[in-house]
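Hi,

Here is the structure I said I would pass on. Have a look at it first, and my notes follow below.

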Amino acid sequence: MNARPRYLSTRRHSPAVTISSAIAAGLAPDGGLYVPESMPRLDVSAFDPDGSLADTAATLLAPFFAGDPLVAELPAICREALDFETPLRPLPQHDACVLELFHGPTAAFKDVGARFLAACLRRLPREDARPLTVLVATSGDTGAAVGAAFHGQPNVEVVILYPDGRVSPRQAHQLGSFGDNVRALRVQGRFDDCQRMVKAALNDAALQSVRPLSSANSISLGRLLPQMSYYAHAALGWWRVHHAPLNFIVPTGNLGNALAALWARKIGLPIGEVRLACNANATLPEFFEGGAYRPRDAVATLANAMDVGAPSNFERLRWTFGDDDAKLRRTLRAESVDDTTVRRTIAHHAGAYGEVFCPHTATAMHVLDSLREAGDAAPWAVVATAHPAKFEGVVEPLVGHPIHVPPALAAMLERPAAAEPLAAEDEVLKRWLRDAPPEPRNDAVSAPGHLDVQTSAHRT
Ligand SMILES: *Cc1c(COP(=O)(O)O)cnc(C)c1O
């Protein structure tokens, strides 16, 4: 590969850019997603057998940053972003493992991408001296991870939009708990409304001229690339002991997490099969079973962070495997798991084995259960994307006992929280951005008229 790799848009109508530019831009100007022009190749022997997760990440990501000013900072970026563990924990009763990705500050895997992106953006020079407003539309977990990653960072303001009443009460509390330079807007609509409003604001040049805006959605390469690290780290550890590749079952919504596993495999990591576990939003399962790719509106499920009807990263998947759909269907399989099955899976694993999973992880556990029932004996790692304590309203009645809250989440839940209500209209958000000063405000948490989110968010 070239000394200085280039990044192209999946839609092929934007010029090739450097990794720094791709990370700073988020989306390509033609509306496509940035992808590496070619994938680097790395051998197992390139990795330090005693290295930490951050060390594995730095080795894995170095070729992507070759020749870029950020490359010298890459080890520090990885240490800063990946300062928590992603353990591969054995599940002896299934002869399988669970890859726990929820030990970061907001108890979901989105911490990895958000913290890496923030660590990169902190180091990239900006021509504009005015504060940058990072807009993020969230179905629950992304907003908290981005808020936590940028909280307290000078000259950056984060504005989180989430669908009021459609995130779990603890997710809502997290989103509103930051204060300072992070503000939450509870939108009277659905996640798709939030996403549309963010896009409309980003595309408004006049608004951008008075208030520079950026986005931190999952389509940014700065979020996707670091997600390869935990697959690499887990698969390398497995390989050194078992001399065999490890297979992964990934709870899937926008397809970012699963794509990271596939990219890590393409680079040469000892990863076997990757299975997608979806909820009732069956766009991907229908495609992989031979149907047309038919994006649609999302339906609400218990695994709300996977409520995606039009997975953005499908463009990157097609780019990665070529436009040959038949070949793509031979590469991947996806299963749709409904809410009844999610409930049954959570209750069964708690009752039979004392293992408690969040609703997202439960979709993947169900896929593992089906494989074992069908006689499959391959080594699988089920990817656990969030801590069950974030969804206690769903999980506790099913398992029949309170769930221990991890310390970082507990600390966030103890802080006061507030979110401003906002109508689900593009112009309303634009006006809010024009009028709200891009400076920390002290009234964001306690101003009268701003309802406490706990009283307004009650999903499931
Ligand atoms: C975001 C999220 C997912 C889906 O991940 P994608 O990268 O969008 O496929 C699954 N589980 C949890 C808990 C999430 O927050």
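**The ligand site**

A polar side-chain atom of Asp141 sits 2.6 Å from an oxygen atom of the ligand. Keep in mind that this is a predicted model. Two backbone contacts go with that one: a backbone N or O atom of Gly253 is 2.7 Å from a ligand oxygen, and for Asn254 a backbone N or O atom lies 2.8 Å from an oxygen atom of the ligand. How much of the ligand does the protein bury? On its own the ligand exposes 380 Å², and 97% of that is buried by the protein.

Stepping back to the whole shell, 15 residues surround the ligand. Lys110 and Thr385 are among the closest, along with Asp141, Gly253 and Asn254. Sorted by class, the shell comes to 6 nonpolar, 7 polar and 2 charged residues.

**The cysteines**

In case you were about to set up disulfides: the structure holds 0 of them. Why is Cys120 not in one? Its closest cysteine sulfur is in Cys78, and at 8.2 Å that is too far for a bond, since a disulfide needs the two sulfur atoms within 2.5 Å. Cys120 is also buried, at 0% relative accessible area.

Cys358 is in no disulfide either, with the nearest cysteine sulfur, in Cys278, 14 Å away. Is Cys358 buried or exposed? With a relative accessibility of 0%, Cys358 counts as buried.

That's it from me. Shout if anything is unclear.

Cheers

Technical notes. Residues numbered from 1 in each chain as written. Predicted model: local features only at pLDDT ≥ 70, side-chain atom pairs only at ≥ 80, totals over all residues. Heavy atoms only, no water. Near = heavy atom within 4 Å. Polar contact = N/O pair within 3.5 Å; in protein donor to acceptor, adjacent residues only side chain to side chain. Areas by Shrake-Rupley, 256 points an atom, 1.4 Å probe, with all protein chains shown as cover. Nonpolar A, V, L, I, M, F, W, Y, C, P; charged D, E, K, R; others polar. Buried < 20%, exposed > 50% of the residue type's maximum accessible area, 1.4 Å probe, protein only.
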